[in-house]
Amino acid sequence: MVLLSNFWIILFHTYISKLKTKSFIITTAITIALIVALANLTSIIDVFDKDENTKVAVVDQSDELFAPLEKITASSNKKLELKLFDGSEEEGKQLVKDGEYEGLLVLASNKEKLPEAHYYSMNIADSSVSADLLANIQMIKSSLAAAQLNLTSEQLTKLNEPVSFQSTALEENAKTAEELDQARGLVYVLLFLIYFAVIMYANMIAMEVATEKSSRVMEILISSVSPIKHMFAKILGVGLLSLTQLVLLLGVGYYFLTNNKNLGSMEGFLGFGDVPISTIIYAAVFFILGYFLYATLAAFLGSLVSRIEDVQQMITPMTLLVVAGFMIAMFGLGAPDNKFVAATSYIPFFTPMLMFMRVGMLNLPLWEPIVGIMILAASIAILAVFGARIYKGGVLMYGKSNSYKDIKKALQLTKKD
Amino acid sequence: MTLELKNVTKKFGSFLAVDNLSISIPEKEMFGFLGGNGAGKTTTFRMILGILDNTEGEISWNNKRIDYSTSPFIGYLPEERGLYPKLKVKDQLVYLARLRGMDKKQALSELEYWLERFHVPEYLDKKVEELSKGNQQKIQFISAVLHKPKLLILDEPFSGLDPVNVELLKEAVIDLKKAGTTIVFSSHRMEHVEEMCEHLCIMHKGRPVVHGSLKEIKKSFGKKNITIHADFDLSYLIKHPGVVKLKQMTEGVSLQIEGEEFAEQILKNVVGKGFVRKFALEEPSLHDIFIEKVGGSFE
């Protein structure tokens, strides 16, 4: 009875003491603030943009282009205000420099009686104004050219009409282009989630173990509780913490996504419209398994160092593994049926991200994700057994060296011979 | 509730850390382990606690193996002091006591008692890193005894403490023993062991070189000490039969002799040579025994 409860005491002690740390509260608060800001981005931009229209002075050397341009601009760009300017070009430029106008547009007709234009502004970094102007002038030019060629407006429309192009997958149950786009958005978000969670929380576990070891409280702990139980209680405690944080963040995110009218389009983009329930389940399964895999690895790597300063160095190879998996997954988003991606999705350290990416994007036969899950579960079991032995020896080992040679030494400490 | 070690051996690879150690510690006893650095004391303790597995032999307490089911009855003060630096005294001691099976409320009231006893009740809400090293040791000691263990293992409990705090802790240890706790402790300070333990074991390079009750060890050692204070030069006594060692002191000499029977001859020899202010036949000190058994390599 005592044995069982010890597990929970460590688990909740880890959970609560981590939950109360300033760093946890601050990161969570900042992330929530970011999500809120992101969800309300359009409204925030509106607040800044509402004040005034952009005014552009126009010098019309042809004397006939300004009127049609103003008409088109007034109908397509409400925020862009064109003003006919009577003075010279130089005077106009000076007014731009003074800040009276955003820019100066000089319109002229060339020999073929088609429009030419030159746009002056303080900087050309803000390309939206010039791009809008260009598009509008292009329209005038098209209609002028059409008039010169005696084209009717129907003929002109025909010319501008986009090609009808549709792609249809012949494989049964294959995802339609629309579904793929939706899946891509969701998989993208979830991949990021897995990536950050694994890096953040695996790091936290390694730090936690190394802190207990370097402060030497470990010897008291493992004389009260078996190291294996201690290790898993720690992993689960931090896991519970990660779930708390995720639920908070996702909850806030979901609230704003569903309550913000401006975001109708973004919701569609991210694929939250109608997500297949299986994708969500796979995401949860691979997230949890991925967490356990890396957490176990991090715990035993953390048990090998004697000083907190060495933790980062020790877990760098692990971090690189996560980054590599993430990179391949990002590549795979564009080409999910690539053979290389398929092959690497069976390597346990990449499986959580890659197999999930594939299962979300493609129509895999059921056995593929199941084999992936089994490989993951087996690797976790192997790593746990092996890691627990290293952990038991590692936590008693103090010294300057902190190389992977120590793994052998740690194993020797727990050997019975 | 006897603690039994039978032919316990521990090897780290090819290195022999503890070699064939057999001891029996009866209930409510205070047992001392003596030895220099690397003698195998800490390794022995870790094996008793089950943190390390012994390569050979058997360890039992109350005829049972010591494992994690017995941990609520065992208290441990490790040689390398260790507490969470960032946690409050209250939080971590209650946590550690709960891991050893104690109820939260009870742990808190016990903790208050101990802090009061060590004259530091204000530490309850302080972080450990804010305390001085000596005070951290008091907290460490409390963490070993808070859950009222039946077997208390103290690895170098008094090292690094000032004399006032040594007395404070010694008193606490003696009180715990009176209350029925079996106590095993190690030290390289002979006087602490001599003062507190009925039974002891001197270890050297993993082997128990002397083992038994303090009285018997002294008796069987055979050699005695004589202290002579006189106004004249006594250094010639080194040539006297039966004298093993002679040490010059400020007021005279200290002799080690082969046995009590030589004392009378020496007394007769000295008397008449001048005024003798003091002549005393004494039991050998643990220090003498230790030096004799372990060799001059120590201290």
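**Group meeting talk: strand S7 of chain B and its surroundings**

Hi everyone, let's start in the middle of chain B, with strand S7, residues 151–155. In this predicted model, 5 of the 5 residues of that strand are buried, so S7 of chain B is largely enclosed by the rest of the structure.

Which residues cover which side? On one face we have B:Leu151, B:Ile153 and B:Asp155, and on the other B:Leu152 and B:Leu154, every one of them buried. That split follows a familiar pattern: in a regular strand, side chains alternate between the two faces of the sheet. Here both faces of S7(B) are covered. Please note B:Asp155 on the list, sharing its side with B:Leu151 and B:Ile153; we'll meet B:Asp155 again in a moment.

Now, who are the strand neighbours of S7(B)? One is strand S6 of chain B, residues 74–77, which runs parallel to S7(B) and is joined to it by 4 bridges. If you want a pair to find on the screen, take B:Tyr76, whose bridge partner in S7(B) is B:Ile153. Another neighbour is strand S8 of chain B, residues 182–187, again parallel, with 5 bridges to S7(B). And here is B:Asp155 once more: its bridge partner in S8(B) is B:Ser186.

How does the chain get from S7(B) to S8(B)? Helix H5 of chain B, residues 163–178, belongs to that connection: S7(B), H5 and S8(B) make a β-α-β unit, and it is right-handed.

Just before S7(B) there is a backbone detail I like. The loop between helix H4 (133–145) and S7 of chain B holds B:Lys148. This lysine has a positive phi of about 50°, although it is not a glycine. Is B:Lys148 buried or partly exposed? With 18 other C-beta atoms within 10 Å, B:Lys148 comes out as partly exposed, because buried would take 20 or more.

Chain B has another lysine of this kind. B:Lys205 also has a positive phi, near 50°, in a residue other than glycine. You'll find B:Lys205 in the loop between strand S9 (199–204) and strand S10 (207–213) of chain B. Its count is 16 other C-beta atoms within 10 Å, and B:Lys205 is partly exposed too.

Let's go to the N-terminal part of chain B for another sheet. This one is open, has 4 strands in the order S2-S1-S4-S5, and its pairing is antiparallel. Which strands stand at the edges? They are S2 (15–25) and S5 (64–65) of chain B, each with a single partner strand, so each has one side left without a neighbour in the sheet. The partner of S5(B) is strand S4 of chain B, residues 56–61, and 2 antiparallel bridges join them. In that pairing, B:Trp61 stands opposite B:Lys64 of S5(B). Helix H1 of chain B, residues 41–49, packs on this sheet, touching S1 (3–12), S2 and S4, and its direction makes about 60° with that of S2(B).

Stepping back to chain B as a whole: its secondary structure comes to 9 helices and 14 strands. The C-alpha atoms fill a box of roughly 75 × 45 × 35 Å along the principal axes. Of the 299 residues in chain B, 37% count as buried. Looking at contacts between residues at least 6 apart in sequence, 68% of those in chain B join residues at least 24 apart.

And what about chain A? There the tally is 17 helices and 4 strands, and buried residues make up 32% of its 417 residues. For contacts in chain A between residues at least 6 apart, 76% link residues at least 24 apart. Chain A is divided into domain 1 (54–160) and domain 2 (176–414), and the centres of these two domains are separated by 55 Å, taken over C-alpha atoms.

Finally, where do the chains touch? We have 20 residues of chain A in contact with 25 residues of chain B. On the chain A side, helix H1 (2–19) and helix H9 (218–224) each supply at least two residues. The largest share there comes from H9(A), with 6 residues.

A word on confidence before I stop. Chain B averages a pLDDT of 86, and 98% of its residues score at least 70. For the complex, the predictor gives an ipTM of 0.79 and a pTM of 0.74. Thanks, everyone!

Definitions and conventions:
Residues numbered from 1 in each chain as written. Chains lettered and ligands numbered in written order. Predicted model: local features only at pLDDT ≥ 70, side-chain atom pairs only at ≥ 80, totals over all residues. Buried ≥ 20, exposed ≤ 12 C-beta atoms within 10 Å, placed from the backbone. Pairing = 2+ DSSP bridges. Right-handed = clockwise from strand over helix to strand, strands pointing away. Domains from an automatic or database assignment. Contact = placed C-beta atoms within 7 Å. Axes fitted to C-alpha atoms, helices over the stretch in contact; angles between N-to-C directions. pLDDT = per-residue confidence, 0-100.
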